[in-house]
Each structure stands twice: as structure tokens, then as C-alpha cells.
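Please examine the sequence and the three-dimensional structure shown below. The explanation that follows them proceeds through selected helices, loops and side chains.

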Amino acid sequence: MNSQHNTYEESKPHAIWSPVAKGSRADQVFRWFSSGAGALILLLLAAVAIFLLLSSKNALFASSETIASEVGFAKETGFWGFAGAAIFGTLLASVIALVIAVPFAVCIALFISHYAPRRLASFFGYVIDLLAAIPSVVFGLWGMWSLEPLMRQILQWISTTFTPVLQFISGKKEMIDGKEMWSGGLPGFKSLAQSYDWWPLNPDVLAFTPPARNIMMGGIILAVMILPIITSLAREVFLQTPRLQEEASLALGATRFEMIKMVVLPHGRSGIVSASMLGLGRALGETMALLMVLSPGLMVNFKIFSPGQHSTIASQIALRFPEASGLESDFLIALGFILFVITFVVNFIARAIVSRYAEFSGANA
């Protein structure tokens, strides 16, 4: 009887110590840990937003008289005038950077993924990764001492070559007896250039004034800084193109360029957009490099070759915050809150664009 009882006890399942029970408990712990990590990210984001909003409310709702009396660097513009000019400069520099960087990044990524031999592709990939690790202050120093003298000659040539084209479209501005006089120009374009200083076809848009410490220089520096980010992501997306689709395209008689145009680029379209938006996020928040290469100003115009015209939100905060106190600190934090909102909106729009492209991407085939 005892032997039968022992045999029965030994044959009973031990649910607590079974591998299935251990796995279930581990899965549950990991699920709660992952959920907590995700919630922590949301809490941190909310904490940053709440801090910025509470710290900046004094500046956001202050009267123009209060701003003029307590914020020395915004006496003439007020908060929203100052913020609007800084927002314009931030977006202008970022757009210039994207226009320059994205085509180069896509071409470099295609060269690495589909043209270069394996060893050369590995070398270029390593160089791109190293470029992404360079601190922004180094890019600023390089732009100040090495790139600026070179860009002076290039910008002067562009100004001399294309300013007559703008003068033909919008007219030529001259000072006669102390009065501003316009001559020439096409109907409609001339009146727009006369009435609005921000008109993009103004004949002064490409007028170059040395040194080359202008928003164009800032955009070029930003383009170099975001180039490795966009290139690395685009390269990884291009390498994920299904090999069978590429070989089928070549087997049907397509050249390598046609294969890339019809297979690789459509497949990687959402990845290119994602990489571009990530580079845009980096460009929007860049501080030190622009602070070092820009001659700051708070104008709303497209005179991209003239110094002292534009500045960015991040560079204004870095420039003025060490000496700020009282309402000045709240003023600069409010600018940071606006930059936070802009970055959030840009990423939200990028996510929507990527989701829309992904529905028609070759990756879903």
C-alpha cells in the first residue's frame, strides 16, 4: 500500500515547478516590464511638456509692455515677433539642409548598396558611421575656418550670375537722390518685390555680402551633419529590397538604373521619408554649429546670402540663456516649448506620411 502511495505521489504533476509554469511567469514579468518601459517614455514626454508649459506661461501671456520692459533683447519685437522670426530661421535652415542632403544621401546609399564592391562598400559604410559621431562643435569650427573662405568665392559667383535673372523678373532697385527707385521687371512680380520684403523673387535674395556667415552657410553645415543619418537609414532600407524582385527585373531586360528606379526606390520610399524626417528633427534642434557659423539676425526674408538676417530658436536660447534672469529665462523657455511643439508636429506628420507610403510599398508585396 505504501509503495502504491509513493508511486502515486511521484507521478503527480508539480505545476509550480513545471517548465510551462516557469515560462508563463517569465512571460508575464517581461510583459509587465515592457509595458512599464513604454509607459515611462510617455510619462517622461508628458513631464517635459508640462515643465515647458508651466515655465513659459509667464512669457506666453505677458503683455507687450511687460516684455519690452523686462526682456532687453526683445524690446522692439515683442514675444511673438521674436518667436516668429526665430521659427522662420529655424525652418529655413532645416529646409535648405534637407534640399542639399537628401539627394546626396540617396545617391551615396545606392552606391554603397548596389554599385560598390563589398570591401569598398564596407569602407564607405564605416566612414559614414564615423561622420555621424563627430560632435557638432567640430562641424562649427570646420565651417568657420575652412569652409567659409571657400564658400565666399562660390556664393559670390552665384550672386553675380543669377542676380541679373532676378532683376529681370522683379525689377532693379536703385537709390536716386535718397529715394528708392525701381526699374524694369515683369508685371505683377515688380509690385510684389516692391511691397513685400519677404517675397522670394526679390532681387536682393542672392545679393552676397561677405563674410559667408549667412543662413546658406548654416544650411550647408546642417546638410553635412544630417547626411550620415539619412545615408545610413536609406542604405539599410535599400539592402532589404527582395533579391528575387531585383533579379526578375534584370532578367526581363532592365538595366541596373531601371531596376533601381522600378524596384529599389519604390520599395524604399517609406524608408527614405523616415530617414529624411529623422534628419529634419536633428536639423531643427541643432545649436552649436549654427551658433558658430551664423551672424545672427531676426529678419523674415529670403536673403539667404546676406549675414545678420536670420537665426534659429536653438541658437538664440544657447546665446542668451547664460545671462538671462527672471522673465528673460521664461521667455527663452517659451521658445524651447515652441521648438518642442514644432518637432512633435513634424514627427507626427512624418509618421502619417510613412504609414501612407508603407501601404503601397513593395515591402508589403
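The paragraphs below begin with helix packing and then turn to individual residues.

The model is predicted. A suitable point of entry is helix α4, which covers residues 78-115. Its axis and that of helix α11, residues 269-285, come within 9 Å and cross at roughly 140 degrees. Since angles over 145 degrees would count as roughly antiparallel, the relation of α4 to α11 is therefore classed as oblique. In handedness, the crossing of these two helices, α4 and α11, is right-handed. On the α4 side, the residues that take part are Thr 90, Leu 91, Ser 94, Leu 98, Val 102 and Val 106; they meet Ile 272, Ser 276, Leu 280, Ala 283 and Leu 284 on the α11 side. By residue class, the contact of α4 with α11 comprises eight nonpolar and three polar residues, with no charged ones.

One of the α4 residues in this contact, Ser 94, merits separate attention. Is Ser 94 buried or exposed? Its relative accessible area is 1%, and because buried means under 20%, Ser 94 is buried. The side chain of Ser 94 reaches the backbone oxygen of Thr 90 at 2.9 Å. Thr 90 is itself among the α4 residues that meet α11. With neighbours within four places in sequence set aside, Ser 94 is in contact with Leu 280, Ala 283 and Leu 284, and also with Leu 222. Leu 280, Ala 283 and Leu 284 belong to the α11 side of the helix pair described above, whereas Leu 222 falls within α8, residues 215-239.

Helix α4 has a further packing partner in α5. The two helices, α4 and α5, pack at an angle of about 145 degrees, and their axes are 8 Å apart. Here α4 passes α5 in a left-handed crossing, while its crossing with α11 is right-handed. Ile 108, Phe 111 and Ile 112 are the contributors from α4, and Leu 120, Ala 121, Phe 124, Gly 125 and Ile 128 are those from α5. Seven of the residues in the contact of α4 with α5 are nonpolar and one is polar; none is charged.

Within this second pair, Phe 124 can be followed in more detail. Phe 124 is placed in helix α5, residues 118-132. Its relative accessibility is 31%, so Phe 124 counts as partly exposed. Beyond its neighbours within four places in sequence, Phe 124 is in contact with Phe 111 and Ile 112. The C-alpha atoms of Phe 124 and Phe 111 are 9.5 Å apart, with 13 residues separating the two in sequence.

The next residue to consider is Leu 60, in helix α2, residues 19-60. Leu 60 has 16% relative accessibility and therefore counts as buried. Apart from neighbours within four places in sequence, Leu 60 is in contact with Phe 79, Trp 80, Ala 334 and Phe 337. How many residues apart in sequence are Leu 60 and Asp 330? The separation is 270 residues, yet their C-alpha atoms are 8.6 Å apart in space.

A loop residue offers another view of long-range contacts. Phe 302 lies in the loop between α12 (288-293) and α13 (313-320). With 27% relative accessibility, Phe 302 counts as partly exposed. Its contacts, leaving aside neighbours within four places in sequence, are Phe 88, Leu 92, Trp 198, Pro 200 and Val 205. Phe 302 and Leu 206 are 96 residues apart in sequence, and their C-alpha atoms are 8.6 Å apart.

The last region centres on Glu 148, located in helix α6, residues 136-170. Glu 148 counts as buried because its relative accessibility is 8%. Which partners does the side chain of this residue, Glu 148, engage through polar atoms? A polar contact of 2.8 Å joins it to the side chain of Arg 152. In addition, a polar atom of the Glu 148 side chain lies 2.7 Å from the backbone nitrogen of Ala 212. Not counting residues up to four places away in sequence, Glu 148 touches Gly 143, Pro 211, Ala 212 and Met 217. Of these, Pro 211 lies in the loop between α7 (189-195) and α8 (215-239). Pro 211 is also joined to Pro 210 by a cis peptide bond, with omega about 0 degrees.

Terms used:
Residues are numbered from 1 along each chain as its sequence is written. This is a predicted model: local features need pLDDT of at least 70, side-chain atom pairs count only at pLDDT 80 or more; totals for chains, interfaces and linings use all residues. Side-chain values use heavy atoms; hydrogens and water are left out. Helices (H or I, at least four residues) and strands (E, at least two) are DSSP runs, numbered from the N terminus. Buried means under 20% relative accessible area, exposed over 50%, partly exposed in between (1.4 Å probe, protein chains only). A polar contact is a pair of N or O atoms within 3.5 Å; within protein, one must be able to donate a hydrogen and the other to accept it, and residues adjacent in sequence count only if both atoms are side-chain atoms. Contact means heavy atoms within 4.5 Å. Axes are lines fitted to C-alpha atoms, for helices over the stretch in contact, and angles run from 0 to 180 degrees between N-to-C directions. Angles under 35 degrees count as roughly parallel, over 145 as roughly antiparallel, 65 to 115 as roughly perpendicular and the rest as oblique. A crossing is left-handed if the near helix is turned anticlockwise from the far one by less than a right angle, and right-handed if clockwise. Ala, Val, Leu, Ile, Met, Phe, Trp, Tyr, Cys and Pro count as nonpolar, Asp, Glu, Lys and Arg as charged, and the others, Gly among them, as polar.
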